[in-house]
Amino acid sequence: MSKDSLYIIYAGPFRFPDGDAAAARVLNNARAMRMAGHRVEFLSYGGRHESEASSTRQSEFDGFEYSITHDIDRSRDPIQRRIVNFLVQGYRAYALLKTKSVPDVVILYNPALVMVVRMLFFARSRRIRLVADLTECYHSSEFPGGKWMPFAWMNELNIRWALRTISSKIVISSFLDHFYKSSVNLIVPPLVDINDEKWTRKSEVIPAFEGINCIYAGTPSGKDQVLFILDALKRAIGQGASVRLIFLGEGLDQLRLSVQSADFAMCRDFVVFPGKVPQYDVPAWYNTADFSLLFREHNRKNDAGFPTKFVESMAAGVPVIGNLTSDLGNYLVHDYNGFIVNEIDSKVLADLFVHLSKLNKSQLSNMKKAAKQTAVQYFDFRNHQERLNNFLSTTR
């Protein structure tokens, strides 16, 4: 490494190397940093080793050293221990960090309150630069007991006070950039390796379909709007549209029951439920579709985050149909790399499904090329190397 190279430790609640979207985020950020000449090592709260070994062994993936600290995924622990672990999440990573050579920079990915406080003292005592990588603004409803329990209070204290004390931040959205306007911030959306062969693989599990395939990938929750999509399909089929929906993921029981009801009998041949697939195989399923669907409500959580599904769809060359939350308006262009639907309304979406059925092969091809180009231009990690290097070189 050159004299300007930095030794960086990236720590947080991700499942390295490929267990969740968080792991993909930190991995591709680190790839951009490595291109700039820096050395990055991971302390992953969860995940797996490349081979079965002791829980403390250091492994390597894509040239990056990483250790799994087992701060998360502790569902087998007694309830009392899980509560304590939740409250002090990151203490195993913190203990391991203290045994390592002193890094130049520690990047904390979505750190919890106790970890922030510990690391502030640790960084000052060792003269380490501390950076927060923030992709979430958790809502009280996501914690046990909701807003009436200490878990949610600690979250709000972390968001509104503790994280503000970290003067340098990598943030995933302009919402977070404005929320933490007193710190030095760099907005970095979810990144991908556009050259990864996974973006061109295609699943052959489902039967061929001559019409338009639209895919929803994920687990429905408060952040996703999916129930109205089935109503839109029913309306569109009634108007002669040739559209099939692919619902990929878990938590779709309500949709399955709806499809089996008499009201949606006409839709049964136009809905597919492949179930849950490994994270790495999701792009192959995107490649079975002509469009992906992404609808979310406007609230603090959704506007503070950035949907990884959007980036995955673009990287696979699949245009997106959805509404504008977070910073999607910077990337989704109506009738170019997808369609913007401003209303969460089944009639509006049904009309769009009818329109999609009338697109010719050339129009579809052009939109898919535009989606791919969007990913190359904005989301490939190589195009963020200089920005991340400048940020790391100037922040203190």
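How many bridges join strand 5 (residues 105-109) to strand 6? The count is 5, and the two strands run parallel. The close-ups below come from a predicted model, and they start with that pair.

**Figure 1. Strand 6, covered on both faces, sits beside strand 5.** Here we zoom in on residues 129-134, which make up strand 6. This strand is mostly covered, with 6 of its 6 residues buried. Look at one side and you find Arg129, Val131 and Asp133; flip to the other and you find Leu130, Ala132 and Leu134, all of them buried. For a handle on the register with strand 5, take Ile107, whose bridge partner in strand 6 is Val131. To get from strand 5 to strand 6 the chain passes through helix 4 (residues 113-126), and this β-α-β crossover is right-handed.

**Figure 2. Strand 7 links strand 6 to strand 8.** On the strand 6 side, 4 bridges tie it to strand 7 (residues 168-171), and the two run parallel. Asp133 is a good residue to pick out here: its bridge partner in strand 7 is Ile170. Strand 7 and strand 8 are likewise joined by 4 bridges and run parallel. Ser168 stands opposite Val184 of strand 8 in this pairing.

**Figure 3. An open sheet of 8 strands with mixed pairing.** Pulling back a little, the strand order reads 3-4-2-1-5-6-7-8. Strand 3 (59-61) and strand 8 (184-187) are the edge strands, each pairing on one side only. From one strand to the next, the twist averages 25 degrees.

**Figure 4. Strand 1 and its partners, strand 2 and strand 5.** Strand 1 (7-16) is mostly covered, with 9 of its 10 residues buried. With strand 2 it pairs in the parallel sense over 8 bridges, and Phe16 has Gly47 of strand 2 as its bridge partner. With strand 5 there are 4 bridges, and again the strands run parallel. Tyr10 is the residue to follow on that side, since its bridge partner in strand 5 is Ile107. Ile107 also turned up in Figure 1, as the bridge partner of Val131 in strand 6. Strand 1, helix 1 and strand 2 together make a right-handed β-α-β unit.

**Figure 5. Helix 1 lies across the sheet and packs with helix 14.** Helix 1 lies across strand 1, strand 2 (39-47), strand 3, strand 4 (64-68), strand 5, strand 6 and strand 7, and runs at about 160 degrees to strand 1. How do helix 1 (residues 21-35) and helix 14 pack, and at what angle? The angle is about 80 degrees, with the axes 8 Å apart. Angles of 65 to 115 degrees count as roughly perpendicular, so that is what this helix pair is called. Asn29, Ala32, Met33 and Met35 make the contact from helix 1, while Gln385, Leu388 and Leu392 make it from helix 14.

**Figure 6. His384, buried in a loop.** This residue lies in the loop between helix 13 (361-378) and helix 14 (385-394). His384 has a relative accessible area of 7%, which is under the 20% cut-off, so it counts as buried. Its side chain makes a polar contact with the side chain of Arg387, at 2.9 Å. Leaving aside neighbours within four places in sequence, the contacts of His384 are Ala32, Val188, Pro189, Leu191, Tyr378 and Phe379. Ala32 is also among the helix 1 residues that contact helix 14.

**Figure 7. Asp345 and the backbone nitrogens of Lys347 and Val348.** Asp345 is found in the loop between strand 14 (338-340) and helix 12 (346-357). Is Asp345 buried or exposed? It falls in between: with a relative accessible area of 29%, it is partly exposed. A polar atom of its side chain lies 3.0 Å from the backbone nitrogen of Lys347, and one lies 3.1 Å from the backbone nitrogen of Val348. Asp345 and Ile229 are 116 residues apart in sequence, yet 8.6 Å apart in space, C-alpha to C-alpha.

**Figure 8. An open, parallel sheet of 6 strands.** The order here is 11-10-9-12-13-14. Strand 11 (271-275) and strand 14 stand at the edges with a single partner strand each, so one side of each has no neighbour in the sheet. The twist averages 25 degrees from one strand to the next. Strand 9 (residues 212-217) and strand 10 (residues 243-248) run parallel, joined by 6 bridges, and Cys214 has Leu245 of strand 10 as its bridge partner. Helix 7 (residues 227-238) lies across strand 10, strand 11 and strand 12 (291-294), at about 160 degrees to strand 10.

Note on methods
Residues are numbered from 1 along each chain as its sequence is written. This is a predicted model: local features need pLDDT of at least 70, side-chain atom pairs count only at pLDDT 80 or more; totals for chains, interfaces and linings use all residues. Side-chain values use heavy atoms; hydrogens and water are left out. Buried means under 20% relative accessible area, exposed over 50%, partly exposed in between (1.4 Å probe, protein chains only). A polar contact is a pair of N or O atoms within 3.5 Å; within protein, one must be able to donate a hydrogen and the other to accept it, and residues adjacent in sequence count only if both atoms are side-chain atoms. Contact means heavy atoms within 4.5 Å. Two strands pair if DSSP finds at least two bridges between them. A crossover is right-handed if, with the strands pointing away from the viewer, the path from the first strand over the helix to the second runs clockwise. Axes are lines fitted to C-alpha atoms, for helices over the stretch in contact, and angles run from 0 to 180 degrees between N-to-C directions. Angles under 35 degrees count as roughly parallel, over 145 as roughly antiparallel, 65 to 115 as roughly perpendicular and the rest as oblique.
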